[in-house]
Amino acid sequence: MENGTILLLGATGTIGRATLEELRRRDYRVVAPVRDPHVVSEDPGVTFWRSGLEDVFGEKKIDGIVSCVASRTGLDAWDVDYSINSQVLKAAVAADVKHFVLLSAICVQKPRLSFQHAKLAFEAELQVAPLTWSIVRPTAYFKSLSGQIDRLRKGKAYLLFGDGALTSCKPISNRDVAEFLVRGLSEPEMQNRILPVGGPGPALTPREQGELLFEALHLPPRFRTVPVGLMRVVGGGLAPLAFVSQTLREKRELARIGTYYATESMLVWDPILRRYDPDATPEYGSDRLADHFKRLASLSESDLRGAHAVF
Ligand SMILES: NC(=O)c1ccc[n+]([C@@H]2O[C@H](COP(=O)([O-])OP(=O)(O)OC[C@H]3O[C@@H](n4cnc5c(N)ncnc54)[C@H](OP(=O)(O)O)[C@@H]3O)[C@@H](O)[C@H]2O)c1
């Protein structure tokens with residue numbers, strides 16, 4: 001039996017790809033706008049859409065939307081995370097679509113960066129729109145925590161900011177995020193709610209993540225610490241020049257993004273106690289970072305390329 005037709009935004013991204021699989025596993029038909037002309041599917045239940053974004057509503061009966069679209073760098077988030085979602089939401093409301101599931105990020109609870117404000121601006125629009133909605137705010141993905149595997153394989157040390165225990169997170173896999181997003185389409189208790197979500201606990205510090213990676217590679221742990229101040233100095237030093245050059249503005253924003261992730265945990269923030277609270281951070285799914293690292297460790301270097309990325 002078919003569940004209906006879902007418009008999936010960002011289907012070519014990391015979480016978007018996993019979400020496409022999960023939607024098909026649950027027998028939804030999928031219409032996915034894509035910009036890459038080479039993306040094709042032999043699955044008759046999947047339509048890759050290459051015409052205008054709003055045109056889709058004229059031609060297809062869309063029952064719900066899952067949006068995984070996001071800036072690939074964090075630098076054009078107002079054009080992507082905000083504008084694309086906002087444009088689609090307006091068309092969806094006009095077409096009487098019933099439900100919109102948005103993939104956001106847990107870091108928007110303490111917004112300091114431009115991309116976080118762009119995400120929050122759309123979250124605010126979605127919450128007052130005349131349809132039901134779910135806003136999913138995951139913690140850190142496995143891929144964002146796997147970037148140092150190449151260094152370690154080359155015999156280099158694992159890089160840590162400060163003592164490696166400044167932050168922590170409950171890592172979640174692509175598959176578990178996708179499953180959670182798709183459940184949002186049909187489960188009433190997930191609707192009209194903001195849903196922070198991490199993977200199975202406990203929360204791990206960067207040092208603990210490093211230890212797991214060394215263990216997976218059967219290498220003795222070796223760490224090198226980098227002062228957080230260094231990244232702040234880079235960002236601060238570029239500040240005056242950011243007014244005159246777009247490139248320097250972008251470099252400064254990237255340094256600010258790096259500093260943010262080096263110093264802020266990806267856990268639920270308790271605004272009264274003013275601290276991150278691992279116990280208040282919901283856990284979902286069954287995939288564990290240690291097993292992901294073991295799987296990566298068994299891949300060759302060329303298979304590894306593209307298996308991880310930072311942002
Ligand atoms: N990394 C983490 O640990 C983490 C943790 C929590 C939340 N998040 C959030 O999770 C979300 C998705 O992450 P992800 O890793 O799946 O993203 P991703 O792999 O970078 O995928 C982004 C998707 O958006 C599309 N896109 C980007 N710019 C576009 C544009 N100008 N026009 C049309 N489509 C565009 C991309 O299409 P193309 O393939 O054509 O580029 C791709 O399908 C983001 O909002 C991120 O903030 C990330």
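The following legends describe close-up views of a predicted model.

**View 1. The open sheet of seven strands.** Strands in the order 3-2-1-4-5-6-8 make up an open sheet with parallel pairing. Strand 3 (46-49) and strand 8 (193-197) are the edge strands, each pairing on one side only. On average, neighbouring strands of this sheet are turned by 20° against each other, direction ignored.

**View 2. The pairing of strand 1 with strand 4.** Strand 1 (residues 5-9) and strand 4 (residues 64-67) run parallel and are joined by four bridges. Leu 9 has Ser 67 of strand 4 as its bridge partner.

**View 3. The surroundings of the ligand.** There are 21 residues around the ligand, of which Thr 12, Gly 13, Ala 70, Ala 105 and Ser 144 come nearest. Helix 1 (residues 14-25) contributes three residues, the largest share of this shell. By class, the shell consists of 11 nonpolar, seven polar and three charged residues.

**View 4. The packing of helix 1 against helix 6.** The axes of helix 1 and helix 6 (residues 174-186) lie 8 Å apart, and the two helices pack at an angle of about 60°. Angles that are neither under 35 degrees, over 145, nor 65 to 115 count as oblique, and helix 1 and helix 6 are therefore oblique to each other. Their crossing is right-handed. Helix 1 makes the contact through Thr 14, Ile 15, Ala 18, Thr 19, Glu 21, Glu 22 and Leu 23, and helix 6 through Asn 174, Arg 175, Val 177, Ala 178, Glu 179, Leu 181 and Val 182. Seven nonpolar, three polar and four charged residues form this contact of helix 1 with helix 6.

Methods: Residues are numbered from 1 along each chain as its sequence is written. This is a predicted model: local features need pLDDT of at least 70, side-chain atom pairs count only at pLDDT 80 or more; totals for chains, interfaces and linings use all residues. Two strands pair if DSSP finds at least two bridges between them. Axes are lines fitted to C-alpha atoms, for helices over the stretch in contact, and angles run from 0 to 180 degrees between N-to-C directions. A residue is near a molecule or strand if its C-beta atom, placed from the backbone, lies within 6 Å of it. Ala, Val, Leu, Ile, Met, Phe, Trp, Tyr, Cys and Pro count as nonpolar, Asp, Glu, Lys and Arg as charged, and the others, Gly among them, as polar. A crossing is left-handed if the near helix is turned anticlockwise from the far one by less than a right angle, and right-handed if clockwise. Two residues are in contact if their C-beta atoms, placed from the backbone, lie within 7 Å.
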